[in-house]
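Reader: Hi! I've got a small protein open on my screen and would love to talk it through with you. Could we start with the words you'll be using?

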Amino acid sequence: QRAIQLVDDADRFEGHIACSNTTNSELVVPYFNHVDHLLGVQDIDSDQPNFFTWQDADQLDQMLRQLFKNASL
């Protein structure tokens with residue numbers, strides 16, 4: 001979807017594929033280079049429901065943008 005996804009309850013997210021059966025919440029942030037080419041997706045899982053916040057998502061997004069803004073891939 002090329003968008004940040006914040007999954008508060010993995011059990012209620014239709015089609016969710018967890019990396020572990022203990023995953024209860026997840027934060028997924030795609031990252032792009034300077035020409036909007038998708039480079040990858042940062043996927044972080046937690047065994048606690050509602051663990052991640054939109055502030056976490058924004059901070060991770062900003063960090064990834066800074067890190068990959070000049071990537072030539």
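Author: Happy to! A residue is called buried when its relative accessible area is under 20%, exposed when it is over 50%, and partly exposed in between. One more thing before we begin: this is a predicted model.

Reader: Good to know. Which elements are there, and in what order do they run?

Author: The protein has one helix and three strands. Starting from the N terminus, the order is β-β-β-α.

Reader: And what does the C-alpha trace span?

Author: Along the principal axes, the span is about 35 × 25 × 15 Å.

Reader: How much of the protein is buried?

Author: Of the 73 residues, 29% are buried. The exposed surface comes to about 5300 Å², with carbon and sulfur atoms supplying 49% of it.

Reader: What about contacts between residues far apart in sequence?

Author: Take the contacts between residues at least 6 apart in sequence: 48% of them join residues at least 24 apart.

Reader: Let's switch to charges. How many positive and negative ones are there?

Author: There are 4 positive and 12 negative charges, and the mean positions of the two groups are 11 Å apart.

Reader: How many salt bridges does that give?

Author: The count comes to two. One of them joins the side chains of Asp36 and Arg2, at 3.0 Å from N to O. That pair links distant parts of the chain, with the two positions 34 residues apart: Asp36 is in the loop between strand S2 (25–32) and S3, while Arg2 is in the segment before strand S1 (5–7).

Reader: Where do Asp36 and Arg2 fall on the buried-to-exposed scale?

Author: Asp36 is partly exposed, with a relative accessible area of 48%. Arg2 is partly exposed too, at 45%.

Reader: And which side chains make the other bridge?

Author: Asp61 and Arg65 do, at 2.9 Å from N to O. Asp61 and Arg65 are separated by about one helical turn, because they sit four residues apart in helix H1.

Reader: Is Asp61 buried or exposed?

Author: Asp61 counts as buried, because its relative accessibility is 10% and the cut-off for buried is under 20%. Its partner Arg65 counts as exposed, at 51%.

Reader: So what does Asp61 touch, leaving aside its neighbours in sequence?

Author: Apart from residues within four places in sequence, Asp61 is in contact with Ile4, Val29 and Pro30. For Val29, the C-alpha atoms are separated by 6.4 Å, although Asp61 and Val29 are 32 residues apart along the chain. You'll find Asp61 in helix H1, which covers residues 54–68.

Reader: Nice. New topic: where is Ser46?

Author: Ser46 is in strand S3, which covers residues 38–46.

Reader: Why does Ser46 count as buried?

Author: Because its relative accessibility is 9%, and buried means under 20%.

Reader: What's packed around Ser46, then, beyond its sequence neighbours?

Author: Setting aside residues up to four places away in sequence, Ser46 touches Thr22, Thr23, Asn24, Ser25, Phe51 and Phe52.

Reader: And which backbone nitrogen lies 3.0 Å from a polar atom of the Ser46 side chain?

Author: That of Gln48.

Reader: Great, thanks! I'll go and look at those residues on my screen.

Conventions:
Residues numbered from 1 in each chain as written. Predicted model: local features only at pLDDT ≥ 70, side-chain atom pairs only at ≥ 80, totals over all residues. Heavy atoms only, no water. Buried < 20%, exposed > 50% of the residue type's maximum accessible area, 1.4 Å probe, protein only. Contact = heavy atoms within 4.5 Å. Areas by Shrake-Rupley, 256 points an atom, 1.4 Å probe, with all protein chains shown as cover. Lys, Arg positive; Asp, Glu negative; His and termini not counted. Charge placed at Lys NZ, Arg CZ, Asp CG, Glu CD. Polar contact = N/O pair within 3.5 Å; in protein donor to acceptor, adjacent residues only side chain to side chain. Salt bridge = Lys/Arg side-chain N within 4 Å of Asp/Glu carboxyl O.
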